[in-house]
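Please find below a brief note on the model under review. The points concern local backbone geometry and the surroundings of the ligand.

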Amino acid sequence: MATDRSEKKLMIWIFLGAPGAGKGTQAERLRGDFGFVQISTGEMLREAIRAGTELGKSVQGYVTRGELVPDDLMAAVLQERLAQGNTGNGVILDGFPRTVRQAEMLEEILARHCWQLCGVVYLDTSEEVILQRLGGRRICPRCGANYHVVTMPPKVEGRCDRCGAELVVRPDDAPEAVRKRLEVYRKQTEPLVTFYSQRGLLERINASGEAEEVYQAVKAAVARRWQRCLAGG
Ligand code: AMP
């Protein structure tokens, strides 16, 4: 595909971190404050599975087992979503890339469109915090909203604040799948910390604390990088 320099320059942010590090929660807050659009590849896949589409059928096994969906398929899914527009003041990628190969494919996509990667927010957490967060996580099967029974409970127990549906445990938050996801994260995704650090794009945030405290650190880092990005740096 030819490079298209006529389109609006799109600014991209990546949220990187282990499952349960708070990527979805922090990205959602940032979206509200900065007018960014959040693209969660995990949520896109869960939606496809719920809707029973061809994509949903082909990825269901991987997602339920806590394994990664093949890189080529994920890059195609992401590229299709980015091509649809509706990208606000910039896009937060929550859950992509998950492998060095995906990061390379993303670089190719960005170069082709003259889009810019502004920064990579790395939410650094201990394994203990991750296990505690995933153990209490509940999601809305209808609209995808996230909750935690202790730290982020819904207003009415067991019901989604946004749409009222009954909350459920994500199938891949079951102990066996969590073990698998953490192992996959350490082996396949953690190398991205070095990958982006070497490119001067990494913002390491201590994400073990309260959501609000973590958010203040995320917001400050993004505001700083955004200025740089807008100035073309
Ligand atoms: P998440 O909601 O980000 O934890 O993703 C849930 C699941 O979706 C993962 O465990 C993978 O099975 C799949 N998935 C999401 N994003 C990706 C990706 N970038 N590459 C491969 N698999 C993914």
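1. Is cysteine 114 buried, partly exposed or exposed? In this predicted model, cysteine 114 has a relative accessibility of 28% and counts as partly exposed, because that class covers values between 20% and 50%. The residue sits in the loop that links helix 5 to strand 4 (116-124). Its phi is near 60°, a positive value in a residue other than glycine.

2. Asparagine 86 likewise shows a positive phi, about 50°, although it is not a glycine. Asparagine 86 belongs to the loop between helix 4 (71-83) and strand 3, and it is exposed, at 60% relative accessible area. For context, most residues other than glycine have a negative phi, and most peptide bonds are trans.

3. The peptide bond between phenylalanine 96 and proline 97 is cis, with omega about 0°. Proline 97 lies in the loop between strand 3 (91-94) and helix 5 (100-113).

4. The ligand is surrounded by 17 residues, the closest being Thr41, Arg46, Glu67, Gly95 and Gln102. By class, this shell comprises seven nonpolar, four polar and six charged residues. Helix 2 (41-51) and helix 3 (54-65) each supply at least two of them; helix 2 gives the most, with four residues.

5. Several polar atoms approach oxygen atoms of the ligand. A polar backbone atom of glutamate 67 is 2.6 Å from one such oxygen. A polar side-chain atom of arginine 46 lies 2.9 Å from a ligand oxygen, and a side-chain N or O atom of arginine 170 is 3.1 Å from a ligand oxygen. Taken alone, the ligand exposes 480 Å², of which the protein buries 96%.

Notes:
Residues numbered from 1 in each chain as written. Predicted model: local features only at pLDDT ≥ 70, side-chain atom pairs only at ≥ 80, totals over all residues. Heavy atoms only, no water. Helix = DSSP H or I, 4+ residues; strand = E, 2+ residues; numbered from the N terminus. Buried < 20%, exposed > 50% of the residue type's maximum accessible area, 1.4 Å probe, protein only. Near = heavy atom within 4 Å. Polar contact = N/O pair within 3.5 Å; in protein donor to acceptor, adjacent residues only side chain to side chain. Areas by Shrake-Rupley, 256 points an atom, 1.4 Å probe, with all protein chains shown as cover. Nonpolar A, V, L, I, M, F, W, Y, C, P; charged D, E, K, R; others polar.
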